[in-house]
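Please open the structure in your viewer and keep the sequence panel visible beside it. The stops below can be taken one after another, each beginning with something to select.

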Amino acid sequence: MLINCSNYLEDKIDGLQSLIELLLEYFDDASILATDVIGKSMSASKYETTIKDHYLAERGFVARVIKGGNLFEYSFNHWEEISTLKDSILKKFKEHSAMVEKLELAYYDKAVVNKEIAFETDVREVKIGIEEVSLEDIILKLKSMNLYAMSLSNEIIDFKCSFNYLITSKVFVSPTKTLKQAYMASDVFGFVIARNDQNRNVSYHESIGELMGVEILDAFEDRIPEIIMATLELFNAKKVTPGIYDVICDPKVSGLIAHEAFGHGVEMDMFVKNRALAKSFINKKVASDVVTMRDGVSCVNQVASYLFDDEGIIAKETIIIADGILKEGISDYVSANRLGVKPSGNGRRESFERKVYTRMTNTYFEKGNDSLKNMISSIRYGFLLEGMISGMEDPKHWGIQCMIAKGREIVDGHFTGVIIAPVILTGYVPRLLQDISMVGDETFLQVGSCGKGYKETVRVSCGGPYIKTKARLG
Amino acid sequence: MIIDCLNELGIKQYKMISITSYSHEIFFIGNKIDLTREKKVTHTTVTIYQEHYDNGVRCLGSASGEIHPTMKHDEISKIIKDLAFAASLVHNPYYELVNQNANKNTKIHVKEIKGVIQEIVSTLNQIEEYEDLFINSSEIFVNYHIVTIINSSGVNYKYLSSDNEMEIVINAIDDKQEVEIYKDFRFGLFDRVYLEDLVYQSFDEARQRIKAVKTPNISNVDVIISGKGVVRYFEYYLEIANAKNIYQRVNNIKIDDTIFGSNADHISIKAVKELKYSSKNVPIDQDGQVVSSFTIYDHAKLVSYWGDHQYLQYINHQENRNAFNFMIEGGTLERDELINPHMEVVSFSSFHVDVTTGHFAGEIRLGYYFDGIERKAITGGSISGNINDNTETFRCAKEVSQFNNYVVPSFIVLKNVKIASS
């Protein structure tokens, strides 16, 4: 089914173009991003069923205007006569300028007007659109998955299964651009809680997500038995003895490392603020020769794949690390101009209500030539790390924190059956990447959410192949 | 128009929450302006409830969705019909909507917003910076919200709330390196002295971090957590007493259960209606329950569950008990009693606490190691443990500190924690 740009936005394009024309009578540059994002989250557990809007569903506008060094944005979700909107934006701009003058503040620099010309439309297909399936069937499917999971062990307290979809339509209008795009992304999330007869709780979660339609539900159902097994084996998990170990990271953990290490580490708005150590390491070695890492919208069909970013820049693919050498960062339009580089199309907003920051899209290590079997055989004592819980970046000091669901002990190339959980992986990013000695022969990506610091959530994916390295575990 | 549509369609049970937000934002790089922003948006969420029977059992289904201000009558009508159908597919146990007398619908004007952001900027501008200790960048958000909550059982309430945020990055430099401290402060009431204190405390942390050495191999010492990590730790105890988690059997703590052993500090945990500086001071919750002050743990004994109206009814808790501000009382320890070797963590990269298992862990951004004689700043490595392994010996500070909507003991002392060096 083809996902077309929303009728609401299509109807507003002429008005937005007129508004830009009026704003240009006063400003050096003006642009507007309009969004219409429809989405629902539905879940079924043993205890309740829920149906509500997806937390990223929205409809609204953000106007960006530039005069001299003054870069100003106004976010709104009402619609008025074009001349009234123009007056409103102008009035607010003048009020802010007066405040800046009163406080005797200076602007960072003269903002650059984007002269790039582009008129493009991108619409994408999914196998089964949301309108092709009844809501009743989706709820029944979620309930049946809950019942199936619960039937697999009487130690399961609950299995909450949720299906979330977003149909995103965006229109970007500036003096030289009119861009339209529409796509549907879906994900399924399963969260298990189990309790044994010693009253010990364990929990585990799995999710899958892509630019897909309702067909994603079937893909998830097949994985339920392995999710339940992955949960129940946590009852026997031992505590980690802190130390440095040989480890193999599964694609979820390698993706988390890619994301936290040189995903956040090369967001170039942090270069502008001198908050990223990577700025002084371009064209220098930061990882072992077997490491190549990318971020991009076109290389994979994932939740962060789009035609243009939230500043109307046609997005591209960035090779961040090539054969262990840090090549380039990812950037939003304003930061790229300040640094004198070409923007990569990574300017993203949490919503039309928030500022643009440099953000990742789909970030991953490229595949290598090693098989998982050979990696396991090569370990004398170490762990296979599986499943991600959360992570935290530290671009200024190249620290990394990865919360990992479990580790599987390996002795002399064989699994011993011992599980450790939970695991915290910390360390110095270049050390961790320079210790990568083997890279698996297949890459998998995983859907996720990403914050910048403690806010600004956007949808991303990250992944990689299995990788072998050394890591400090706690 | 929405209420008209609901009536036209014969919807008997509903809730409507409308929030109009006014926001002013300024982003600085150093002391220069990167960007200024303003926002005016209205979000109206409608929840439709459908009562029905499932195999003779009385059920109440619900479904919610947003009605955008740009929607016309036909679109609103379609959304409401779709929500009513969706609600009929939801077979949750029956509960009553809030029907207490929450009625206050008066005109509210937002006047102060421009003044507040100017005050915050002016406060930041007057912070004394140095060549080797300065503000790298900051982001200021001043948000006012006019919130209207209406339901079909008589709730009709309008109030004004404010939540403000300041993200600030402090850098310190010496001849070898440059380090940063990242902070994200949330507060309701602006107070110049309160804000200055927060910034100067961050300056102190940056001064310490530049001197910090790598976390050495340490074992068998008490681990002290101070700063925001203490909030995360106590959130576990709040979550396990939350009605939703009790109903869904995530935890099975019962009224009169005690959370700490006989040798621990038997502190009390209270919900408070209002807390000075908190950004969570609201008169009613999203269901229309009036927010009040009450005790959750009395000297470590669980005396009341708390949470959303729906789940409180499911666990037969008769009283309305929802809360957004919490006060955890101080324990028995003074800082000068900490004379044995210990490690203190004041700042984590992210302090992770799992409410289902009690596991906690975090990378150390800034801490101190006291070997019995000397106290040294440390960084790197991590700590990990389980809250349930620390209940017997749990001790905490007599003195308390505030972090937005939480007042917590200034530090907690844990004995069963694993430390990974850096």
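The tour goes through a predicted model, beginning with one strand and its partners and then turning to where two chains touch.

Begin by selecting residues 455-464 of chain A, which form strand S24. Seven of the 10 residues in this strand are buried, so that S24(A) is mostly covered.

Next, add residues 444-452 of chain A, which make up strand S23, and follow how S23(A) and S24(A) pair in the antiparallel sense over eight bridges. Within this pairing, look for Val447(A), which stands opposite Ser461(A) in S24(A). The two strands form a hairpin with two residues between them, and here you can select Gly453(A), which takes a positive phi near 65°.

Now select residues 362-365 of chain A, strand S17, which runs parallel to S24(A) and is joined to it by three bridges. In S17(A), Asn362(A) is the residue to pick out, since it stands opposite Ser461(A). Ser461(A) therefore faces Val447(A) as well as Asn362(A) in these pairings.

For the next stop, show chains A and B together: 62 residues of chain A are in contact with 57 residues of chain B. Which strand gives the most to the side of chain A that touches chain B? Strand S5(A), residues 70-76, does, with six residues. Colouring that side of chain A by residue class would give 28 nonpolar, 17 polar and 17 charged residues.

Finally, keep S5(A) selected and add residues 32-54 of chain B, strand S2, which runs parallel to S5(A) and is joined to it by five bridges. Here Glu73(A) stands opposite Arg37(B) in S2(B).

Key. Residues numbered from 1 in each chain as written. Chains lettered and ligands numbered in written order. Predicted model: local features only at pLDDT ≥ 70, side-chain atom pairs only at ≥ 80, totals over all residues. Buried ≥ 20, exposed ≤ 12 C-beta atoms within 10 Å, placed from the backbone. Helix = DSSP H or I, 4+ residues; strand = E, 2+ residues; numbered from the N terminus. Contact = placed C-beta atoms within 7 Å. Nonpolar A, V, L, I, M, F, W, Y, C, P; charged D, E, K, R; others polar.
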